[in-house]
Amino acid sequence: MKFGVVQFPGSNCDDDAFHAVASVIGKPVEFIWHQSEDLAGSDVVILPGGFAYGDYLRTGAIARFSPVMKSVDKFARSGGLVLGICNGFQILLEAGLLPGAMMRNKGLRYLCRHVHIRVETTDNPFTCAAKKGQVLKIPIAHNEGNYFCEPAMLNGLEKNNQVIFRYVTPEGADAAENDREANPNGSLHSIAGICNRERNVLGLMPHPERAVESPLGSEDGLVLFRSVVASFASHTAVTA
Amino acid sequence: MIETEIKVTPQVAAEHGLTADEYTRIQKILGRDPNITELGIFSVMWSEHCSYKSSRVHLKRLPTKGKYVVQGPGENAGVVDIGDGMVAAFKIESHNHPSFVEPFQGAATGVGGILRDIFTMGARPIAVLDALRFGPVTSGPGAGNATSEEIKRNRQILDGVIRGIGFYGNCFGVPTVGGEIVFEPCYSNNPLVNALALGIAKREELFFAKASGVGNPVIYVGAKTGRDGIHGASLLASAEFSEESQQKRPNVQVGDPFLEKLLLEACLEAMRTGAIVAIQDMGAAGLTSTSSEMASRGGMGIEMDLTRVPQREAKMTAYEMMLSESQERMLLVATRGREQEVFDVFHKWGLDAVEIGRVTDDGKLRILLDGAVAGEIPAHALAEEGPRYERPVAAPNTSGAPKTTGKVPFASDGADLTENFRRLLAAPTIASKKWVTDQYDSMVRTNTRFGPGAGDAAVLRLKETKRAIALATDGNGRWGSLSPREGAMHSVAEAARNVACSGAKPIAATNCLNFGNPEKPEVMWQFTEAIDGIGEACTALETPITGGNVSFYNETLGNPIYPTPIIGVLGLMEDAEFAIGSGFRNAGDKIFVLDGAADKSIASAESFSSSEYAKEIHGIVSGMPPKIDLAAEKRLIDCLVHLAAEKTIASAHDISDGGVAVSLAESCFGSENLSAQVSLDTLGTTLNAETAAYGERGARAVVSVPPSSVVRLRAIAAENGVNATEIGTVAAGDFRIQYGTKTVIQGSLASFHRPWAKSLQEAIENG
């Protein structure tokens, strides 16, 4: 299987995602330039963190119009696995591949620190190797991570089990209403990551690629990459 | 707008900050009167900021050579060998005045400028540290006479500066991993914003700013030129501040970190084509300094047609284009015939890249506009033959200039110090900076082994090798005000000690020298004393100075700041696994104080009145800094590096502001809820409990060690001539310090953690 990491002008976690896949997970990976419509035969496409096109106008608002996003859209709608991390998540929202929007963090400040997120469901390719309820320590680094959507949409997300990760306390308990330690940006329902209805597109604000080597503080992000690899292996085995 | 027809007179020269002598010298170099464009060019290149005219004769005294040094001062950044064919480029620079006039953009462009200095050498930036100094943000004895208006304004300046640093670094994609923030009344109207950047490269891929090859194209890349930042270097950075300084806001540049990120990637990619001969970023004095310095270093000339410069605004004059300090621009020399390869890379990244001139052999900087010569100046004279001053030096009448006098009134024997310890922990200089550093991306590029607060130094692992780099900045202005020489030596020693505590061997240094008006003999005295102090300490600790910057005229309304040299020390760790954090690790570990000094005295009444404790609790700043003992510092450093390499100890934290008590508390705060129970009786000669707990003499560190490694710790300490004194144990439960038969500090860990963790955030957000 092969990973592709999209490079927008202003992406700055592209090298980190590449490193996590190539050096830590040990899978083939290639960069995909934003002006290319060729996904280079990738089985999984990662939209990395950063400030695509400077995030001018609104986070992800310009990036969604880049040529590569046409192919990503087609790829996602045909069932391909797409992982949007941080700015990548924001781009997926703007592109309409995931529902909802991001507002500025409640405290109106950029925040970078380790947070705790809980795996809410494992019936998808991104957390299938994790345990339901497992708490992961993973860093965030963003200014606009305050997830928002309309009540009906929120109900739909919950009902369809599309909330994959939720910000929680270190012990895994739900974050209280105004607990900015646990829910750092004030997201609705403490949402940290969601997938689409078809469960092949995931967006999350925390950075799993920064949590794959324990000397750097955590390797809890590994389970995400391992899940993708495992699901791909079983998928291939079934269809072979 | 300045018209080209303005007739240049000595009066006009004076308005450009040039003295009568300097103007005469310009006439002599040219053999005629300069036109207004040429005058503008001379005025920026010969400004204090660009020419180092007051400092250069003294900077020569700094040690700049050593076995690790690949490139010393004189290039865009210093470079050291870090093994396996890799090099590290690093440098610190100030952006003080712009940060006072416009805190957000001033700090942002400070970060942008130092990053360009690194990647212009072919090195990819992997870390930034910021050494910041502000006026008081809380009231209390340590705030001196600061008014509530002043305090409010200082909070706004701090907020703007940290937002600006975050804005730039977060978007650019470089982790902000450390530095320090210190508060003193003297920085109220003159904050210090010093940014240090580190980059790494393969040794053979380094680039230098030396033009060569007659006929080679001179190519302008990056952002378009606008009218922003004109005279930033000469008027903002090279003059004192007055009440009108706020009107200089238009002189502050505006930063675009997204553009700089594109410029970084494009430059590194273009460098790999092999088509680039030389490259330099346009920082202070913009197009003027890049062109004249590249030409001068290569012994060549450069001819540029300004008509071809990408411009943001219409009808810019030659004067404006040459003096603009628009950000995110570079000038490079390519190999003739291969310019298209360079253009292709920059166009791929959506950036302007235009051939605007060529390298010549006549040694002249020649500027054309609309087909006519707009200026012609010998490049070498401009870049290298500026004025050099041996300014008058005079020690002040009193030795040092204490702001207040008096000795600390000590508590009675056996008095409980718990409450005043909590107040000390809440002092902004000592309190946690997490609220600030959480606003910086400290992890991007996934090399951050130790980010802010995790160790005494920031530690970056290197993906290319198993080694790691440690970096720390330090600078004690208060001690500098009492003794510029001793203060400077302590700053070097503390930075090196911090690097050693993290487990790395200190190998090189960079310095940012923040001082008042050099035309005042007593300021010049502070400067020369500090230079000699830095020189002596860097020689003793084997950390040569590889570059840096001088920032004079840090005064507002005639009040100079404390003489504040900031020292950045770089350390090398043979294996990233040797990294030692400052937080305790295991309950049951033994706590030791390592002391490199043979003299057992911790603090005299005189040195104690210069301590953080004396200032914060009693409002006293007097006496003299503790006597520095460089041999003791070196012994301690060698011992710490040795302990790290053998993985003998679990944590290490140096003893500095607030003494051993604060060190112990911080090691607890850095742990998973572990506390310390210690007795200070055996530490050395102390006057009383306060000097034992809060005394700040150098050459000491708190380490924790598993019981099974105590014997090895003692052996390594003895081998290095360092005293190892066991003072207590890491344990759950209360934090407790005993002195004599009495418990002088005791309480739950949380009761000490809260004031330390929350005071800065509460001061800024609720103040």
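Which strands of chain A are included in what covers the buried residues of H3(A)? I opened the notebook with that, keeping in mind that this is a predicted model.

**Entry 1. Helix H3 of chain A**

I looked up the surroundings of H3(A) and found that the cover of its buried residues includes strands S3 (44-47), S4 (81-85), S5 (101-103) and S11 (201-204) of chain A. I then went through the helix, residues 87-94, and found eight of the eight residues buried, so H3(A) is largely enclosed by the rest of the structure. The buried residues include the nonpolar Phe89(A), Ile91(A), Leu92(A) and Leu93(A). Asn87(A), Gly88(A), Gln90(A) and Glu94(A) are also buried. Just after the helix I noted Gly96(A), which has a positive phi of about 80°.

**Entry 2. Phe3 of chain A**

I went next to Phe3(A), which belongs to strand S1 (residues 3-7) of chain A. Is Phe3(A) buried or exposed? I counted 27 other C-beta atoms within 10 Å, and 20 or more is the cut-off, so Phe3(A) is buried. Leaving out residues up to four places away in sequence, I listed what Phe3(A) touches: Val21(A), Lys27(A), Pro28(A), Val29(A), Ser42(A), Val44(A) and Ile46(A). I also checked Asp43(A), 40 residues away along the chain from Phe3(A), and found 5.9 Å between the two C-alpha atoms.

**Entry 3. The contact between the chains**

How many residues does each chain give to the contact? I found 20 residues from chain A and 23 residues from chain B. On the chain A side, helix H1 (14-25), strand S6 (111-119) and strand S7 (135-142) each supply at least two residues. I sorted that side of chain A by class and got ten nonpolar, five polar and five charged residues.

**Entry 4. The six-stranded sheet of chain B**

I traced an open sheet of six strands in chain B, in the order S1-S2-S3-S6-S4-S5, with mixed pairing. Why is one side of S1(B) and of S5(B) left without a neighbour in the sheet? Strand S1 (69-71) and S5 of chain B are at the edges and have a single partner strand each, so one side of each has no neighbour there. The twist from one strand to the next averages 25°.

I read the pairings next. S2(B) runs antiparallel to strand S3 (residues 86-94) of chain B, over five bridges. Within S3(B), Val87(B) is the bridge partner of Asp81(B). I then looked for helices on the sheet. Helix H7 (residues 103-119) of chain B packs on it and touches S3, S4 and S6 of chain B, with its direction at about 25° to that of S6(B). H8(B) also packs on the sheet, where it touches S4, S5 and S6 of chain B, and its direction makes about 180° with that of S4(B).

**Entry 5. Strand S4 of chain B**

I gave S4(B), residues 124-134, its own check and found it mostly covered, with ten of its eleven residues buried. Strand S6 (residues 192-202) of chain B pairs with S4(B) in the antiparallel sense over nine bridges. Strand S5 (residues 176-183) of chain B pairs with S4(B) in the parallel sense over seven bridges. I followed Leu129(B) as an example: its bridge partner in S6(B) is Leu196(B), and its bridge partner in S5(B) is Gly178(B). From S4(B) the chain passes through helix H8 (residues 148-172) of chain B to S5(B), and I recorded this β-α-β crossover as right-handed.

**Entry 6. Asp81 of chain B**

I returned to Asp81(B), which sits in strand S2 (residues 78-83) of chain B. With 18 other C-beta atoms within 10 Å, Asp81(B) is partly exposed. Apart from neighbours within four places in sequence, its contacts are Tyr68(B), Val70(B) and Val87(B). I also looked up Glu574(B), 493 residues from Asp81(B) along the chain, and found their C-alpha atoms separated by 13 Å.

**Entry 7. Core and helix H3 of chain B**

Which residues have the most contacts inside the largest nonpolar core? I found a core of 332 residues, in which Ala88(B), Ile469(B), Ala470(B), Val492(B), Leu640(B) and Ala693(B) hold that place. I took Leu640(B) further: beyond four places in sequence, it is in contact with Ala500(B), Cys501(B), Ala652(B) and Ala701(B).

Last, I checked helix H3 (residues 36-45) of chain B, where ten of the ten residues are buried, so this helix is largely enclosed by the rest of the structure. Among them I noted Glu38(B), Phe42(B) and Met45(B).

Technical notes:
Residues numbered from 1 in each chain as written. Chains lettered and ligands numbered in written order. Predicted model: local features only at pLDDT ≥ 70, side-chain atom pairs only at ≥ 80, totals over all residues. Contact = placed C-beta atoms within 7 Å. Helix = DSSP H or I, 4+ residues; strand = E, 2+ residues; numbered from the N terminus. Buried ≥ 20, exposed ≤ 12 C-beta atoms within 10 Å, placed from the backbone. Pairing = 2+ DSSP bridges. Right-handed = clockwise from strand over helix to strand, strands pointing away. Axes fitted to C-alpha atoms, helices over the stretch in contact; angles between N-to-C directions. Core = buried A, V, L, I, M, F, W, Y, C linked by C-beta atoms within 7 Å.
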